[in-house]
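Here is a set of exercises to work through with the structure on your screen. Try each task yourself before you read its solution.

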Amino acid sequence: MSMPSLAQLPMSVARVPGVAIVLVVLSAIFALTSPGFASPANIANILTQSTILLLLALPMTVIIMTEGLDLSMGAVLTFASIVLAITVLASGSPVLGFFAALAVGSCFGLANGLLIAVLDIPPFITTLGTLGVAQGLSLLATDGQSVVGIPRSIENIYSGALAGIPLPVIIAAIAYCGTHALLYHTRFGTYVFALGGNREALKMAGISVRGVLIRAYVLGGLMAGFAALLMTARLNSAHPTAGIGMEFDAIAAVAVGGTSFERGNGWLLGTLLGVVAVGVLRNGLNLLAVRSSAQVACIGALVIIALFIDGLRAEP
Amino acid sequence: MTVAPLFELQGISKEFPGIKALDDVSLEIRAGEVHMLVGENGAGKSTLMKVLCGAYRADRGSFFHNGKQVAISDPAAAREFGIAVIFQDFTLVPYLDIAQNIFLGRELSGRVPGLIDRRGIYTEARRVLDMIGFDVNPRTLVHRLGVAQQQMVEIAKALSQQARILVMDEPTAALSEREIERLFAIVARLKQSGVAIIYISHRLSEVFALGDRITVLRDGRKIASLLPGATTADQLVTLMVGRSVDSTYSRPSRPAPGEVVLDVRNLAGPSGLAGITLNVRAGEIVGLSGLVGSGRTEVARAIFGADRAITGEIRLFGERTGGSAEDSVRRGMALIPENRKTQGLALARSVGDNIVLAGLRRLFPSGMFLPARAMKAARSIIEKLRIATPTPRRPVATLSGGNQQKVVLGKWLNAGARFFIFDEPTRGIDVGAKAEIFRLLDGLVHNGAAVLMISSEQIEIVRICDRAYVMRDKRIVGELSGNELTEANIVRLGTHQ
Amino acid sequence: MLARPRLALSRDVAQAAYRLLAAALLCAMLAMLSDVFLTTSNIFNVLRQTSLLFLMASGLTLVILTAGLDLSVGANIGLSACLAATAIKGADSPMLGVATGIGCGALIGLANGILVTALRIPSFIATYGVMWMLAGMTYYYMAGDTIHGFPPGFRQLGSGYLLGVPMPVYVMLVFLLIGTLFAQRTTWGQQIYAIGANPVAARLSGVPVERRLILVYTVSGAMAGLASLIVLARINSAQGDIGEDLTLPAIAAVLVGGTSLFGGYGTVAGTLIGALILTLVLNGMNLLQINSSWQPLVTGVIILLAVWIDNRTRRIGE
Amino acid sequence: MKHLLISATAVLTMLFSGAALADGETIAVFTKNQTNPYFQAVRVGSETAAKSLGVKVIQYIPTKPDSIPEQLSQVEDVIVKKPDAIVFIPVDYKAMVPAVEKINAAGIPVVNITDRSAAGKFVAFVGADDYSIGLATARALLKAIGGKGNVIILEGVKGSLTNTDRVRGFNDALKESPNVKLLASQPANYQRLQALQVMENLMQSFPSIDGVLAANDPMAVGAIEALEGANRKARVIGINGSKEAVELIKAGKLLASGDFNGFIQGCVGTEIAVRSLRKQPTPNEVILKPIVIDSTNLTPYETPVEQRACPTLEQIVSN
């Protein structure tokens, strides 16, 4: 590790606590109290369950760093997964279905991007609108029924494993590394930081703010399409309510992970920890057979506590 | 002078809704020359520069590079001609590091297609920083740097572009004496290497110290282009303002100061302040001088109660203050902050809304808000301060810097404040408006108000203030008054020797 | 330097005009498509349904004026309603019930305010967390049970008429008046706008930002509590999921009503029109018996259109 | 630190644990949400049965009502815990098939109740026939309005099994009486507020409504309130036989409610699960016969579920 990156360390350390502390404490509690928790099987289980949320939370981090928001992800995921299923049923080709899902995702991402960047309608409203559109289309396409009968080959994408590691986890890992490279090692990533941090700087550098914004939302849609694949594989079917509200979980995970809504102050690793923390909490509470109403409250508590700790650490 | 200018602007015009920002302006930029661009705020200096660097598109006019006509459609195009700008309001990204900021938009490609060569950027940045003798780790995130350091990064950013034409928009505004000297050295070196420099400044001293040629803008028009040798400060000011004002505003005789209004005893705070003890009497203007970062603004905020966790004793009119801005305002304290856009005004709201904001409690003791009464109050302030706005309903964002500053002051007059803290009241304000602001200050103290004024320009302190405290390293290192109050003494106290 | 005079005003007018126009067009369309739309009974019916959405959205408007957000409104209504219901049934006293509902709502709002100010948690996240906690409490408290059957006196609040006009409509008008007066005609209202426009400048102008924010969230909570009472009185029963799916429509109403998410700009009256537009859409779809699957889609498009038009008019303004 | 954690969790579990305190086998019971009284009845039923059988039941309910991915996650988590048996109501009868397959793969015996899963191996299915309940209850209403007049159907959540079958039952009943006109069939998603507003809107278009067929009790309540609000009279029926429905029938506001009897389904489901564990004979299907609760047969339903006793399997199967 070279001298410079050490110089950066204190800053990341100052950020870690909120989510990391919570994650460590939770894991410790559950490991001590619930025998099954620490077992490799269960850890694999937790990670696998976290993958779909992670696929949404990664691009959500990028979007939030542009001082934006994407409320449509859950609904887009749902619609994409329905299109995927329908396409597969019609064509019998999983590959075609997969690309259909990606296409749907990117289209909604592009729509969001254009509405926000070109018509400059605030992201919250734009995506609230497209959320409605995607949800409506899902209902219209299925009339509320779930779409079933898709080939097993798709289900294997979720249930399969490679060298003992569940496929979804591998996919998520790739997605994470990809997003990391995108954010920290490409021009686009640098411009995302700049967009949230100082729009003027970006304009002065002769970079099109619109371009960056649109790409960010397309990324969001695309990843929602990927998530749709996992969701469909997981349910071995598509259902018009499957992804409802997931965007809020994703946003919460990002915030718990220490990414702030201002000044392009983002932290991708934090998002990963945030997602896992939520997964650990839900899993642990189930293993402890904690009463469901209490589980609901605990999720709220997790969010608030994590941000409270960050608030204590925050530089004024 | 038969040499074709390196770059030439001809008949540039630019209009914004309601305002003619530039009207048929021409400018010759010659290699190895420092071209001073002066004029009041709203004269069109910054607009002209934004046009030059492609941030704005001119409505009319043409550009010539080495004599042949060219087009500047966007910043990228401008960079083609080696045009680089150091802007007044920083164009840095807080959560990118210094190197990334320096190369924003010009990232070096790495071996892997699509990826950036981070290492290359750092070595390159290191080189540029050494060039200006700025010793800092290029991986430091910019939001951890102070104003002056950020200014240096701005300069590095511009230099790294191998600029042939370097535009500096008030580069010294945030710099301390030492850093200014270093900057001048850099400017001289660049000049030697044949770089053309356009230098915008409000400080006449700089204009004459550095300039090879001076161009004066007023109301978007080019008024004159002259050589420093062939003109005097007063002539220049007259040209800028269009009427003759004496730029050398000097303090009129004031009645002997009254009782102590503000009494601060060994104030200390988290920002490093320690043992701050000072007082201000009714009817006097007390200066607070010192280098940038010496803690002047922190003192102001501490006294005003803007920052929490302050120890020590602050008495206003004999009573201890509650240590909150709200309490200070209720006791008749006023803060005219350094950055009016981010701290002084609600830009989206109207002039009237801004003027009444601080005085709401006084204007409407019942808590019932009466628009008519608010309007009336606003109008009277607008008249009293001669704020240039057709109506109080106009969004304050559309006013010029000087007028915005007046709105901030008006807010406090309306609130009936009797102790005023001015933090850099003349920052980014043109000569004409400066004199006017000083007159207003004087008017305040004549009516028995007390004023604490922070300024980086010693000359202002000397001319305006009855007394002055000098700060260094978050401490007050001396108090000057009478004929001890000279620029030399301020500098001596303010800097280590 | 010469600008159009009274610019700020003309912008407001333009906005309001466009929004009213939109509502009017909607009405005209529905009147043509459905012969019953313009009957007095249906008009009152629409207004009564509008009133519920408005009551939730009116408090929220203040929050959004400060550039904040309150995602806990729906969950707040859930818990407040269930507690109020218990009070009404248990103590058999509508008054106590009303007090409980509003009190509970206000307390929740207060909690939000403290999280946002004292703990400096972004409102979006803080209220999201609170939303979950409230849901948990409600589920725990109700344990899947329902509370049903309230005294007629109380139910008047929701289903009663006065001079042929539904009760909730009066409540709506009263709070439209109060809300508008508070926002436009009190110094606190002015301070709230200022906070939304620039919190730093507001603080440095002596505005007690924290206290005002806490007030705003508390009011928003109290309004949710009030709304919960209307819901109770209308459906004459309480169940744990009573507040579900109420938050986003309320936010939508505020936004369609022209209040800016970035704070400092908007009106309570606008929110009323927003609520009216959204209600008209649902009413129309029921009258015309359109497949309900279309509802989210149509609502989504309406939101986008409304805000897009806003941007356009704002341009004209500047 | 370690001690602190342990004590912390001790407190945590004491506070929150939903597990009924009893040793013996553990049965995991899955229901759809925490708010609908029907599922509460199921949970009470299962716990009553558990007490008498000396087993321990643990309730699993999605934190987001009716959330498909979440019930799936809970199943995956429970499999880690390996309970002795599972009583399962799928949130969606098709989408939850992978969950059932996971349970089967883990070799945990599972009893399917209420919504018949589209696939998977089950010890038994316990349920009421939504179709015939819908049919019978609708008949009751049609009889009450004298086989003629105008009626409205309030549908539940589109695509849910219960709704599809109940509405099918309604429609078939309508076919039997040609003089009855179906004015409209609109969904109100099993929610009372939505039912109220949909009903209010529909009343605008239809001056005369004689009957309302609601696919569950909460929607029936919403309809009743709407009618009262407009001072209009119409006969209303609901389905589920919930506590409030019984009260309303007693008060003469609700004509009838089809008894879906979650309590008994909970009892029987649990009992079958336990029997299979104890290697006792079990039926592979129990379909409660449709009962329509109205003013005539009200009495037994007035005792709240918490105080009812589980009928033995024999009683159920025999009649």
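**Exercise 1. Find how many bridges join strand β7 to β8 in chain B, and in which sense these strands run.**

Step 1. In this predicted model, strand β7 of chain B covers residues 165-169, and 5 bridges link this strand to β8(B).
Step 2. The two strands run parallel.
Step 3. For one pair of residues, look at Asp169(B): its bridge partner in β8(B) is Ile200(B).

**Exercise 2. Find how β3(B) pairs with β8(B), and then how β3(B) pairs with β9(B).**

Step 1. Strand β3 of chain B spans residues 34-39, and its pairing with β8(B) is parallel, over 4 bridges.
Step 2. Within that pairing, Leu37(B) has Ile200(B) as its bridge partner.
Step 3. Now turn to strand β9 of chain B, residues 213-218: β3(B) pairs with this strand in the parallel sense too, over 5 bridges.
Step 4. Here Val38(B) stands opposite Val216(B).

**Exercise 3. Decide whether the residues of β8(B) are buried or exposed, and do the same for β3(B).**

Step 1. To count as buried, a residue needs 20 or more other C-beta atoms within 10 Å of its own.
Step 2. Strand β8 of chain B holds residues 196-200, and 5 of its 5 residues are buried, so the rest of the structure largely encloses this strand.
Step 3. Check the two directions: Ala196(B), Ile198(B) and Ile200(B) point one way, Ile197(B) and Tyr199(B) point the other way, and all are buried.
Step 4. For β3(B), 6 of 6 residues are buried, and the strand is mostly covered.
Step 5. One side of β3(B) carries Val34(B), Met36(B) and Val38(B), the other carries His35(B), Leu37(B) and Gly39(B), and both faces are covered.

**Exercise 4. Work out why Leu33(C) is called exposed.**

Step 1. Locate the residue: Leu33(C) is part of helix α1 of chain C.
Step 2. The cut-off for an exposed residue is 12 or fewer other C-beta atoms within 10 Å.
Step 3. Leu33(C) has 11 such atoms within 10 Å, so this residue is exposed.
Step 4. As an extra, compare two kinds of distance: Leu33(C) and Tyr128(C) are separated by 95 residues in sequence and by 40 Å in space, C-alpha to C-alpha.

**Exercise 5. Find which pair of chains has the most contacts, and describe the side of chain A that takes part.**

Step 1. There are 5 pairs of chains that touch, and the pair with the most contacts is A and C.
Step 2. This contact involves 38 residues of chain A and 34 residues of chain C.
Step 3. On the side of chain A, the elements giving two or more residues are α6 (123-142), α12 (246-256) and α14 (292-313).
Step 4. The most come from α6(A), with 14 residues.
Step 5. By type, the chain A side has 26 nonpolar, 10 polar and 2 charged residues.

**Exercise 6. Describe how chain B meets chain A, and find how far chain B lies from chain D.**

Step 1. In the contact between these chains, 25 residues of chain B meet 24 residues of chain A.
Step 2. On the chain B side, α2 (75-80) and α4 (118-131) give two or more residues each.
Step 3. α2(B) gives the most, with 3 residues.
Step 4. The chain B side divides into 14 nonpolar, 6 polar and 5 charged residues.
Step 5. Chains B and D do not touch, and their nearest C-alpha atoms are 32 Å apart.

**Exercise 7. Find which residues have the most contacts inside the largest nonpolar core.**

Step 1. The largest nonpolar core has 496 residues, and Ala277(A), Val451(B) and Ala223(D) have the most contacts inside it.
Step 2. Helix α11 of chain A, residues 209-235, gives the most to this core, with 18 residues.
Step 3. Beyond four places in sequence, the contacts of Ala223(D) include Leu154(D), Ala195(D) and Val236(D).

**Exercise 8. Find where confidence is low in chains A and C.**

Step 1. Chain A has an average pLDDT of 87, with 93% of residues scoring at least 70.
Step 2. Over residues 1-13 of chain A, pLDDT stays under 50.
Step 3. Chain C has a mean pLDDT of 87, and 94% of its residues reach 70 or more.
Step 4. Residues 1-9 of chain C have a pLDDT below 50.
Step 5. Where pLDDT is low, the predicted coordinates should not be read in detail.

Technical notes:
Residues numbered from 1 in each chain as written. Chains lettered and ligands numbered in written order. Predicted model: local features only at pLDDT ≥ 70, side-chain atom pairs only at ≥ 80, totals over all residues. Contact = placed C-beta atoms within 7 Å. Nonpolar A, V, L, I, M, F, W, Y, C, P; charged D, E, K, R; others polar. Pairing = 2+ DSSP bridges. pLDDT = per-residue confidence, 0-100. Core = buried A, V, L, I, M, F, W, Y, C linked by C-beta atoms within 7 Å.
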